[in-house]
Each structure stands twice: as C-alpha cells, then as structure tokens.
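Q: I would like to learn how to read a structure from its computed features, beginning with the terms and going on to particular residues. Could we work through one case together?

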Amino acid sequence: MDQLKLKLQEYYQRYQQMEQKVKPGKEEPAKEEVLDLENDILTQFGLPTSRRFVQILHDFVHHSQVSDQLLDYVSKKLRSAARKYLLAPVMSDVDLLEQARDQKRSPYDLLPELGYPPQEYALFLIGELYYRRNMAASDILEELKKMQHFHSWNDLAVLSKMNNYSHHELYTKLKKHELRFIDDYVQHSRRQETARLVNKRPTPAEEGYKPDYKTITKVQVEDIIFDEHTTPSLFGKIKSGRGYTRITIGLEFSELNQILMSSDELGMEISNHIKKRLANPAAEKPTVIDIRAEFGDVLKLDNCYLEVYKPQHREGNKWVEDKDNFYFVDKILTKKEYEKRTKEAEVQRKIQECLELIGGSYVYYQRLRRLGITDDEAKLRAGLSDELLFKLSFFLNKVKE
C-alpha cells in the first residue's frame, strides 16, 4: 500500500477515535493530531486546508468502513480538486478577497487559500470588517500580513481575555507593530459574548457610549446572513446623492421579522424561507440568503424607517465611532409613526422659534428703556404690553443669561 493510502487509513482511524466516547484507561487522541494529518494529506496534493478541501476528507471518514476502492476514490477526488485548484488563473490577494465576498464564501474557506490560519482575529478581519462592514481589501490584507509577520496570533488571543487589556504590556507590544483593529476586535468579541449570554445585543448605554442616531429608509437588501451564534445582518445599498452607497445593518431576529412583515408578499416569502432554514440542522452555517438569486429581485424596504447608529469602540479612554458603513438598528418605525414623529419635531421647532422671538423681545424692551422711553411705551413697541407675555419674555431671557 502506498504512503498516501497509509496516511488516509491513519486519518480515518484517528478521526473515528476522536468522534467516539473515550473508554476508561484509554487516552483520547488529540484533535491537533487529526488536524496535522489533514494538513499533511492536503499539502501532499498542493491544496490549502480550506473548508471545501477538508470536506473531502470529512466525507471520507463518515463511511462505515475503509476499503481499497474507497481509498482509491478519495485519492482520485483529491487529485481532481488539486488539478482544478492549481490550474486556475492566478489571482492577486485583493482579487481573491473581492471574488470571495461576491461568492459569499466562508472565511474559514478563504483564509487558508490566502496563507493565513483561521484564527479568531483573522476571522474577524474577513467576516466582520470586510464582509459586513465593507472595509477596503487592502487594509484587511495589510493587517493580516502584520499579524503573520510578527507571529501575534497567540498574543492577541491572550490579550483579548484580559479585563484591562489596554494597560497590559502585550497591548503595548502589539500597538508597536501598528496593528489597527485590536481595540475594535476586543470590543466586538465582548459584544458578541454578552449577546450570547443574554441572547440580546447590549445597548450603547449599557456599553457606556452615546451614539449618533440617523434615520434611513428605502434600503435595497441584497443578502441576509445569520447563524446560531450571531444576530442577522442585512447587506445592500441606499440612495446617496445621485448614486448608491453600500451598507450593512445588524439587527435582532425579532427586528428582522418586523421588517419582513412590513414588506408585503416578498417579505413574507423570505420570512418563511428563513424559518425553514433555521429549522434545518443540516443547513450550511452561516446561512446566506441571496435574495435576488432565490426570489428574483432585491427586497426594498419602502414601508418602514430604520433608526440606526454606528457602533463605537474604546481607544484608551475615548469612545470612537467605526468609520465603515456598518450600523445597528435601534428602532423600527412605520411610515405613519415616522410622519407623526416628523410632524411633532416640526411643531416643537416652531414653538422653539416662537419662544426665542419672545425672549428676544425683552432685550428690545430693555434697549428702549435705556433710551428713556416710558415703561408702557417700551412694552407696547416690543410687543409685550400683555403682562403674561411680558413675564414669559423676562424669564426666557433669564434662561439665556
């Protein structure tokens, strides 16, 4: 039997032992050994350990028993995958990243092909900053290169578990390497952990910052992504001047359902589709719904208004707003609620203008009095002959002082 078949057999046995419960007196084989074997086998074919190639080995170990025919079949499948992969047109890392986002490929699949380990920080850079927040591919690649060059993966993993991480010497060391997204990563990790614990995203008030809210509508949603660990995200675009700006919106499942229920028949179809995907334990994770591909058109949010804010992360003692076009939903308003709120705001603005005019009248009254004009005449000229109006003007002017 050749060397490859022996390795495949060993991999099969070790994987089966790892999956089974350990019997007393027996040592469970380390998961690292299985991963090393996966890497060894795929490297022999010139393949990276990305998920699509590892899946070939995972399919192999789920057969009930090993035979020469099965080993030949797996070998042939690996050779075919290697031929297709190695003969594919050469692409730059930037092009590879952009293609991966367009194809909605998993970061676990992409990172090994770029030459980086699927560490938590690397997954954050690709999955969160690049896919969700639309950060520039060149910025992501630069950060990955620095992490790899300075062997900083383990340092950051340790640092992220510390309460006062920004005061630790590891933080100073990593900052000297000019790593840009450490604070954002740690804050994001803690938000995710809190959300997992309470099953709800913490509010800005709970985190300790005051966001800058804005209201948006007519979002064209192209994709919805979610899994069992993270809240859903909407990917799409919004009108900006004469063109469109790409935007990503994070929200709770209850908020997603509210939006879909307000979006006529297409919203209902998507809602039912999501329920089926959530009920299917075998569904691919994370779940990606390409709305145009699956339903023939994008989802247009015309019947609701979203009050949103950009998350902030701490840099030293300061809260800093994220620069990318990623927002969280704070409130969802119907068209009627939004129009009512707008009308109330307009009325309040008009009232404020009136109060400012009344308050300013007292200043004019004082000027007239200094010119020697009688009290009654000054009040009349300033429009404050009514005693109640005069008192109101006096106190409004006092408030300004």
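A: Let us begin with a term: helices, of at least four residues, and strands, of at least two, are DSSP runs numbered from the N terminus. With that in hand, and keeping in mind that this is a predicted model, we can place N134 in the loop between helix 7 and helix 8.

Q: What is the sign of the phi angle of N134, and is the residue buried or exposed?

A: N134 has a positive phi of about 60°, although it is not a glycine, and this residue comes just after helix 7. With a relative accessible area of 25%, N134 counts as partly exposed, since that class lies between the 20% limit for buried and the 50% limit for exposed.

Q: Which residue can I set beside it, as another non-glycine with a positive phi?

A: Take K218, which is not a glycine and has a positive phi of about 55°. K218 sits in the loop between strand 1 (214-216) and strand 2 (219-226), and at 52% relative accessibility it counts as exposed.

Q: How should I read helix 7 itself, and how many of its residues are buried?

A: A general idea helps here: an α-helix has 3.6 residues a turn, so residues three or four places apart point the same way. In this structure helix 7 is mostly covered, with 12 of its 13 residues buried, and the buried residues include not just Leu and Tyr positions such as L123 and Y130 but also E128 and R132.

Q: What does the distance between the end C-alpha atoms of helix 7 tell me?

A: The comparison is with a straight helix, which at 1.5 Å a residue would reach 18 Å, whereas the end C-alpha atoms of helix 7, with its 13 residues, are only 16 Å apart.

Q: How many residues does the largest nonpolar core have, and which have the most contacts inside it?

A: A nonpolar core is a set of buried nonpolar residues, among them Leu and Tyr, joined through side-chain atoms within 4.5 Å. The largest one here has 34 residues, and those with the most contacts inside it are Y121 and L144. At least two residues of this core come from each of several helices, including helix 5 (93-103), helix 8 (137-149) and helix 11 (182-198), while helix 7 gives the most, with nine residues. Looking at one member, L144 touches L111, Y116, A122, L125, I126 and W153, leaving aside residues up to four places away in sequence. Apart from this core lies another, of 25 residues, among them V221, I274, I289 and L301.

Q: Where does K145 lie, and is it buried or partly exposed?

A: K145 lies in helix 8, and at 48% relative accessibility it counts as partly exposed. The C-alpha atoms of K145 and G115 are separated by 9.6 Å, although the two residues are 30 residues apart along the chain.

Q: Why is the protein chain as a whole called more spread out than a compact globule?

A: The chain has 18 helices and 10 strands. Its radius of gyration is 30 Å, well over the 21 Å that the globule rule gives for 401 residues, so the chain is more spread out than a compact globule. The C-alpha atoms fill a box of roughly 115 × 55 × 50 Å along the principal axes, and the C-alpha centres of domain 1 and domain 3 lie 38 Å apart. Of the 401 residues, 42% count as buried.

Definitions and conventions. Residues are numbered from 1 along each chain as its sequence is written. This is a predicted model: local features need pLDDT of at least 70, side-chain atom pairs count only at pLDDT 80 or more; totals for chains, interfaces and linings use all residues. Side-chain values use heavy atoms; hydrogens and water are left out. Buried means under 20% relative accessible area, exposed over 50%, partly exposed in between (1.4 Å probe, protein chains only). Contact means heavy atoms within 4.5 Å. The expected span of a helix is 1.5 Å times one less than its number of residues. The radius of gyration is taken over C-alpha atoms; the globule rule is 2.2 Å times the number of residues to the power 0.38. Domain bounds come from an automatic or database domain assignment.
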